[in-house]
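Reader: Please give me a close look at one part of this structure. I would like to follow which piece sits beside which.

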Amino acid sequence: MSEDNLKTWWSSLTAQLGAVKKVGTAVQGEVNTVHRNIDIPIKFEHASATLTVRFSQNRQIDDWRIVPDERQFSFSTPPYDTPKNYSEKQLSIGKAPYELPATLTLPIRSKHQNVPVVILVHGSGPSDQDETFMSLKPFRDLASGLASQGIAVLRYNKRTYEHTAKMSGESKISVDDETTDDASNFKSNA
């Protein structure tokens, strides 16, 4: 992101949320196969938000995003989720500079048994691999339900979610750039 784009982004953010009143203590956030996240709470005039700074595996700042705080919602697993029938493998998909953390949910099977695989593809907007919205995690529910019935499922963070700042610096973003390329380039021997 250029200095001018960063200034424009910050001006737009503070126009919506107001001036910064307090910056809280940084804490370790999510760690996945692509990033180690540090979360920093920020109190603005009109709202509180969390700045997530994303570090690459070689400890360089790779991306960031800021999200206004919402109430915390609790998630409960659906009754058809049978964890003894599947395992989950953390992996990465895609290519630099847009590598994405992913989860492959695999049904328990014999070593040489092939199983069908479903790749869950996101709709519009930045989304995590569970397609989390408030207390709902529909992609996680689908993965556990299908894997419990013998079908492997791949789900991954969407490019605009995992690489928010880098994607906002792109001059043109096509559906292929944001969604299709990541969904169609997956290969696994898991």
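Author: What follows goes through the strands, one pairing after another, and then turns to a loop.

First, the ground rules. This is a predicted model, in which local features need pLDDT of at least 70 and side-chain atom pairs count only at pLDDT 80 or more, while totals for chains, interfaces and linings use all residues. Residues are numbered from 1 along each chain as its sequence is written, and side-chain values use heavy atoms, with hydrogens and water left out.

Now the inventory. The chain has 5 helices and 9 strands. Both kinds of element are DSSP runs numbered from the N terminus: helices are H or I with at least four residues, strands are E with at least two. Read from the N terminus, the order is α-β-β-β-β-β-β-β-β-α-β-α-α-α. The C-alpha trace spans about 55 × 35 × 30 Å along its principal axes.

Next come the pairings. Strands of a sheet pair through backbone hydrogen bonds, and the pairing is either parallel or antiparallel. Here two strands count as paired if DSSP finds at least two bridges between them.

Begin with strand S1. S1 covers residues 20-23, and Val-20 belongs to it. Its partner is strand S3, residues 36-44. The two run antiparallel, and 3 bridges join them. Look across from Val-20: Phe-44 of S3 stands opposite. How exposed or buried is Val-20? Val-20 counts as partly exposed because its relative accessibility is 35%. The scale is simple: buried is under 20% relative accessible area, exposed is over 50%, and partly exposed lies in between (1.4 Å probe, protein chains only).

Now bring in strand S2, residues 27-31. S2 also pairs with S3. The sense is antiparallel, over 3 bridges. Gln-28 is bridged to Ile-38 in S3. Between S2 and S3 lie 4 residues, and the two strands form a hairpin.

Move on from S3 to strand S4, residues 48-55. These two strands are antiparallel and share 8 bridges. Take two examples. Lys-43 has Ser-48 in S4 as its bridge partner. Asn-37 is matched with Arg-54, also in S4. S3 and S4 make a hairpin too, with 3 residues between them.

The next step goes from S4 to strand S5, residues 61-68. The pairing is antiparallel over 7 bridges. Leu-51 finds its partner in Ile-66 of S5. S4 and S5 form a hairpin with 5 residues between them. Look at Arg-59 in that turn: its phi is positive, about 65°.

Now turn to the later strands. An open sheet of 4 strands is ordered S6-S7-S9-S8, and its pairing is mixed. Which strands stand at the edges? They are S6 (86-93) and S8 (117-119). Each has a single partner strand, so one side of each is left without a neighbour in the sheet. From one strand to the next, the twist averages 20°.

Follow S8 to its partner. S8 is joined to strand S9 (residues 152-156) by 3 bridges, and the two run parallel. Val-118 has Val-153 of S9 standing opposite.

Two helices lie across this sheet. Helix H2, residues 138-148, lies across S6, strand S7 (100-107), S8 and S9. H2 runs at about 160° to S9. Helix H5, residues 175-184, lies across S6, S7, S8 and S9 as well. Its angle to S9 is about 145°. Axes are lines fitted to C-alpha atoms, for helices over the stretch in contact, and the angles run from 0 to 180 degrees between N-to-C directions.

Last, stop at the loop between S8 and H2, where Gly-123 sits. Gly-123 has a relative accessible area of 41%, so it is partly exposed. Leaving out residues up to four places away in sequence, Gly-123 touches Glu-131 and Lys-158. Contact means heavy atoms within 4.5 Å. Glu-162 is 39 residues from Gly-123 along the chain, and their C-alpha atoms are separated by 15 Å.

Now step back to the whole chain. Of its 190 residues, 35% are buried. Among contacts with a separation of 6 or more, 55% join residues 24 or more positions apart.
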